[in-house]
Amino acid sequence: IDGNNIDDDGNGYIDDYNGWNTGSNNDNTGTGGHGTNCLGMIGARGDNGLNVVGANWDVKLMVLNMGGGLTQSSVVQAYTYPLVMRQQWNQSGGAQGAFVVATSASWGIDGANPNSYPLWCQFYDTLGHYGILNVGATTNQNLDVDVAGDMPTGCTSDYMIGVGRTDNDDNTAGGYGDQTINFGAPGISVVTTSGTTSITTTTGTSFACPLTAGVIGLAYSVPCNDFMDLVISDPKAGADAVLAALTTGVDAKPQLTSRFI
């Protein structure tokens, strides 16, 4: 119940009706334009004459505002909200919480050494244990992140999927690393949502990242009872199955073999 100052669902957050802002401890997630661009890549509905479509036409989007900046504590605090919601879903058989299958991080620290952020990196293993895959946008700078470092895509956790950007000819620009970045996804001159009713054309790993998260959500929508039985009985195994399908199902391109895993 929105605005009653009561934690109705018992998840530890009061009035988290629209998501959560970890800086102000309320559900005012803001109206950032960059976030709107990213949400469109995940879930803009197609076949409606608006000239934009996301990876997954029928998906729920959980919005977070990491108000504390890119410190280990604020990042972990932000990721804790979707973790708690998925834990509730797992424990209740879907009656409570939220079926969070992926997080999307179109933000990070260019050139950062992951060894300096152990708690942040290790938290992806925790999220994966409960069934959540995590996608990160690598740097837009033309950097070999194997050497230069990057956060969070430089984290070694299997449950942090580092993504670079490609164009409509499967060429890439910006950050890369054949030991670190899993693959490239469309993020150059893509069309996505802007504002409340508009669209825009834009470029960045910020848009390849949420597109990938949307594909993960789409994979979970496959009508397969055996798969959902696995997801419910062993959330980590379900996430592992989707991750395997994602990484083995890429469209391999010779020009990208020295750029991505």
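Biologist: Over the ring of which residue does the charged end of Arg 259 sit?

Modeller: This is a predicted model, in which local features need pLDDT of at least 70, side-chain atom pairs count only at pLDDT 80 or more, and totals for chains, interfaces and linings use all residues. Residues are numbered from 1 along each chain as its sequence is written, while side-chain values use heavy atoms and leave out hydrogens and water. A charge sits over a ring if NZ of Lys or CZ of Arg is within 6 Å of the ring centre and within 35 degrees of the ring normal. At 4.0 Å from the ring centre, the charged end of Arg 259 sits over the ring of Tyr 176.

Biologist: Which helix gives the most to the largest nonpolar core?

Modeller: A nonpolar core is a set of buried Ala, Val, Leu, Ile, Met, Phe, Trp, Tyr and Cys residues joined through side-chain atoms within 4.5 Å, and the largest one here has 43 residues. Elements that each supply at least two of its residues include strand 5 (133–137), helix 5 (205–220) and helix 2 (72–92), with helices and strands being DSSP runs (H or I, at least four residues; E, at least two) numbered from the N terminus. With 7 residues, the element that gives the most to this core is helix 2.

Biologist: How many residues are in the other core, which includes Cys 38 and Met 41?

Modeller: This core lies apart from the largest one. Phe 207 and Leu 211 are also among its members, and its residues number 6.

Biologist: Is Thr 202 buried or exposed?

Modeller: Thr 202 belongs to strand 11 (residues 198–202). Its contacts (heavy atoms within 4.5 Å), not counting residues up to four places away in sequence, include Gly 187, Val 190 and Phe 207. Buried means under 20% relative accessible area, exposed over 50% and partly exposed in between, with a 1.4 Å probe and protein chains only. Because its relative accessibility is 18%, Thr 202 counts as buried.

Biologist: What is the angle between the planes of Tyr 13 and Tyr 81?

Modeller: Across the whole structure there are 10 aromatic pairs, meaning rings of Phe, Tyr and Trp (its six-membered ring) with centres within 6.5 Å; planes under 30 degrees apart are stacked, over 60 edge-to-face and the rest tilted. Tyr 13 and Tyr 81 form an edge-to-face pair, 4.7 Å centre to centre, with the angle between the planes being 90°.

Biologist: How many residues apart are Tyr 13 and Tyr 81?

Modeller: Tyr 13 lies in the segment before strand 1 (20–21), whereas Tyr 81 is in helix 2. The pair thus links distant parts of the chain, and the separation in residues is 68.
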